[in-house]
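Me: I am new to this structure and would like a close look at a single part of it. Please take the place where the two chains meet and go through it in one connected answer.

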Amino acid sequence: MTFEPGLVHTPLTPLASDRRIDFDRYGRAIEFHLRHGAQSLAVPMHVGESVSLADTEKRQLITFAVEAAAKRAPVIAHVSDAGTGIAVALARHAQAAGAAAVIATTPYYWTPPPAMILEHFSQIAAAVEIPFFVLNAPDDMAGIKINADLAMKLVGKLPNFAGVVDASLDWQFMIELLTEAARVRPDFKLIAGTELMVSAGAIGATGMFSALASVAPKLVRQLFDLCRQQKLFEARVAQEEIAALRQIVKPGGIAALKAAARAMGRDYGNPRPPLLPLVAAAEKRLLAELETLPVLAAEPRGW
Amino acid sequence: MGFASLNPSYESNDMQNKFRGVMQSPVTPLKDDFSLDLPTFERLLDFHVRSGAPAISWPHHKGESLNLTIDERKLFAEAAVKTVAGRVPVTIHVSALAVEDTMALARHAQDIGADGILAITPYFWTPTLEAIEAYFVRLCTSIDLPVLSYNSPSYLAGVEITGELMAHLIEKLPNFVGVKEASFNSEKFLEISRAALKLRPNFAMLTGVEFLLPSVPLGGVGSYSAAGSICPNLCTELFDSCVAGEWGRARELQFKMTRLWHLFKDQYPSSLKGGMVIMGRAVGPTRAPLPTATPERQAYIRSQLEDLGILESEPYGW
């Protein structure tokens, strides 16, 4: 079941002023991503405010995304939850809705030890036949991370465990993971979980998740293509430009990303509580900092 | 007198680029009673130079720096400069628990004719960015030698040199010439390399261990070696394949190197010293609180080195 996700855009979730999902705009967002370099979509990732969506909304959103993509690009459904049973049910829904794969990170809140993580992932993966990816995102998960040992136990147990999407950016982990996993499962995938792909690409990552594609999809695609062609020295300029963009947006999180997208003519509304929109001064500062990036001039405006 | 006034051509390429490639930091040979073994240290230094080390740096943590007295450190620093005798640059690692000791070691390194020093952010106190800045300013202005900084947030409770601080230091200090960036993390490496190389294109972006594959494409120019006393040939081949952009070959070698790192990082540098016995280059025990590799551990290391083909591909003995 080799599934090569390639460049995976992770859309923001557009919210109306009453905080409901604006599906009309979501459809436009998906068209935007497909027109601007996405080879796959992953919805709703943390950047799509998954944790702030009700279970029924997540189901709706996954179904909507699969239908909107209309076989032009595979959709990876993000099914992370605190409760294993809830994640399992969402994974089943995703498969039934036509998702190409599911992805999950460690269970929320419980500070799970490795045995608990293993069981959580095992139940989710066993509930579906489509490929299952693990998201390693210690910065999002209070430091809880996957190690190569745990990944190898999953490889041994789960025939549909297809790979790790790594946002830890940890060279030692990535190298160890590929060293071990490739011996047992040659088509095991390392996917860069952020746009910092040059090092991951050198190590052997073949795909990349991108949140910044909502702001600068051309730059993202350029970086990804160079990495995939193993033009790693040539990729450094694009990598540094993306790192600069990332550094500007990162402190304000999703609110800043939404503000940056709005500056590019794509209004996703404000994030849902408990996240707050940027205060006016912070938004002004953000926009001024974005102005310092000449590379944004070449990026698409509007939907 | 400041460094810049002594060396107006300081910014020239050759001054800074001498810190590149897989540089070797020898372990510290000890006799059975745990005292310093000078003749073996001299042999080891010579071995590193003959087997291709582009530079020598001592005593890193793998040289048990923190388990040596300041007098012992001075004694072997002098031996290192004398034995290497200008064949390759020698830097002295001056990090010590007490900052006053660091200052004394730095002045000593200059007096004995070392080519540079290396210093980590201060231990234990979790210093603020302002305190880290004051520390490096004091260190760099106290000597004329080139200074390499050492960033190791995972060992030092998150204490790190940010990109912004690195930029300040570069702007202020003409002899602040590089960093051993040992976070092994894409974002941290990039944050520093972006800030530093813009201001000082020859700033030496070095990594710890031999993580060259992920760092060279981002502007990395070398590393300090962990396993060089075991596999100097592998170090050279890995570096050469990275700078040549032979990524397939580099990946293969990096994965092999990382297996060695996992073998040795357990009770580092005890296992390394254990492995050196297998390679015919015994250097004695390791000082407490670090354990000394047992015969069982050595046997395990031998089986791993066999499995990796190291016994055939690397030099045996001195």
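Reply: What follows describes the side of chain A that touches chain B, in a model that is predicted.

The contact involves 29 residues of chain A and 31 residues of chain B. Between them, the two chains bury about 2,600 Å², with 62% of that area on carbon and sulfur atoms. On the chain A side, the most area is lost to chain B by A:Trp171, A:Gln172 and A:Phe233, which together make up 29% of what that side buries.

Polar links are also present. Chain A and chain B have 12 residue pairs in polar contact, counting pairs with both residues at pLDDT 80 or more. The number of salt bridges between the chains is two. A salt bridge joins A:Lys250 to B:Glu187, and the closest N and O atoms of this pair lie 2.9 Å apart.

As for which elements of chain A take part, at least two residues each come from helix H6 (171-184), helix H7 (197-203) and helix H9 (236-249). The most is given by H6(A), with eight residues on the side that touches chain B. Sorted by character, the residues on that side of chain A are 13 nonpolar, nine polar and seven charged.

To sum up, the chain A side draws on H6, H7 and H9, has A:Trp171, A:Gln172 and A:Phe233 as the residues that lose the most area to chain B, and includes A:Lys250 in a salt bridge with B:Glu187.

Technical notes
Residues numbered from 1 in each chain as written. Chains lettered and ligands numbered in written order. Predicted model: local features only at pLDDT ≥ 70, side-chain atom pairs only at ≥ 80, totals over all residues. Heavy atoms only, no water. Contact = heavy atoms within 4.5 Å. Buried area = accessible area lost by both parts, 1.4 Å probe. Salt bridge = Lys/Arg side-chain N within 4 Å of Asp/Glu carboxyl O. Polar contact = N/O pair within 3.5 Å; in protein donor to acceptor, adjacent residues only side chain to side chain. Helix = DSSP H or I, 4+ residues; strand = E, 2+ residues; numbered from the N terminus. Nonpolar A, V, L, I, M, F, W, Y, C, P; charged D, E, K, R; others polar.
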